[in-house]
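Reader: I'm new to this one and would like to know the reasons behind the labels. Can you show me?

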Amino acid sequence: MSDTLANDLITPDADAAPLLNQPGVSMLKAAPITRLSLRAREATLKDAGSAFGVELPVKPMTCNTGQKRAVLWMGPDEWTLLAPADDLKATFDAIEGKLESHPHALVDISERSEAVIVSGEKAVWLLNTGIFIDFSLETFPVGTVTRTIFHKSPVMVWRTGTDTFVVEAWVSFMDYVSGLLVQSARELEAA
């Protein structure tokens, strides 16, 4: 996978000031996107992927990407589908149309979560201030995605580049998550 895994989909919010910008690490608010949660059985995965335009991964902690599309594995029968914000209705309708005769659950969760893009040579250090996961490239390569806890908040972490991560949290937790990341970065700056 390249170092630009999600650059055509996960982009900085042009209207938001950088949350953090210091030597070695930056944090930018991500622009809004379409987020869909899909729960489905294995028999319907090919149809769902065909309707979405990207095959659904079946290997834990992985993702598949296409042009302005990404599918993140969240569990044995659960995926998060990401697409441009203005593609919500067309994407939702295409998947529902393809799966209408199969048991499944497709839910628009676009407003539930927000994301920040944490990047730079000190990004791993910053994430490890609240997440106790080995983020080395050997253990957590580009394209790896997981749910975990950042201090006391549930988050999703997706490595989209060698030194770039997307950290997603529910809207009600994002000020807490981003605030602690900024506070921790001050320690790095003071060191």
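Author: Sure, here are some questions and answers on this model, which is a predicted one.

Reader: Why is E168 called buried?

Author: Its relative accessibility is 9%, and buried means under 20%, so E168 counts as buried.

Reader: What makes E168 and R35 a salt bridge?

Author: Their side chains meet at 2.7 Å, N to O. The cut-off is a Lys or Arg nitrogen within 4 Å of an Asp or Glu carboxyl oxygen, so this pair makes it. E168 sits in strand β11 and R35 in strand β3, so the salt bridge ties together parts that are 133 residues apart in sequence. R35 is buried too, at 4% relative accessible area.

Reader: How do you know that E78 and R39 form a salt bridge?

Author: Here the N to O value is 3.8 Å, and the limit is 4 Å, so the pair counts. It links strand β6, home of E78, to strand β3, home of R39, 39 residues apart.

Reader: Why is R39 called partly exposed, while E78 is called buried?

Author: R39 has a relative accessible area of 38%, and partly exposed runs between the 20% and 50% cut-offs, so that's the label R39 gets. E78, at 14%, falls under 20%, so E78 is buried. Both also belong to one network of salt bridges that share partners, joined with D77 and R147.

Reader: What about R69 and D87: what makes them a salt bridge?

Author: Their side chains meet at 3.2 Å, N to O, which is within the 4 Å limit. R69 is in strand β5 and D87 in the loop between β6 and α2, so the pair ties together parts 18 residues apart in sequence. R69 is buried at 17%, whereas D87 is partly exposed at 23%.

Reader: How do you know that the buried residues of α2 line one face of the helix?

Author: T91, I95 and L99 are buried. Seen down the axis of α2, the buried residues fall within an arc of 50°, so they line one face. The face turned away from them carries the exposed residues K89 and A90.

Reader: Why are β4 and β7 said to stand at the edges of the sheet?

Author: The open sheet has five strands in the order β4-β5-β6-β3-β7. β4 and β7 each have a single partner strand, so one side of each is left without a neighbour in the sheet.

Reader: And what makes β3 and β7 a pair?

Author: Pairing takes at least two bridges, and five join β3 to β7, so they qualify. The two run antiparallel, and S37 has V107 in β7 as its bridge partner.

Note on methods: Residues numbered from 1 in each chain as written. Predicted model: local features only at pLDDT ≥ 70, side-chain atom pairs only at ≥ 80, totals over all residues. Heavy atoms only, no water. Buried < 20%, exposed > 50% of the residue type's maximum accessible area, 1.4 Å probe, protein only. Helix = DSSP H or I, 4+ residues; strand = E, 2+ residues; numbered from the N terminus. Arc of directions from axis to C-beta.
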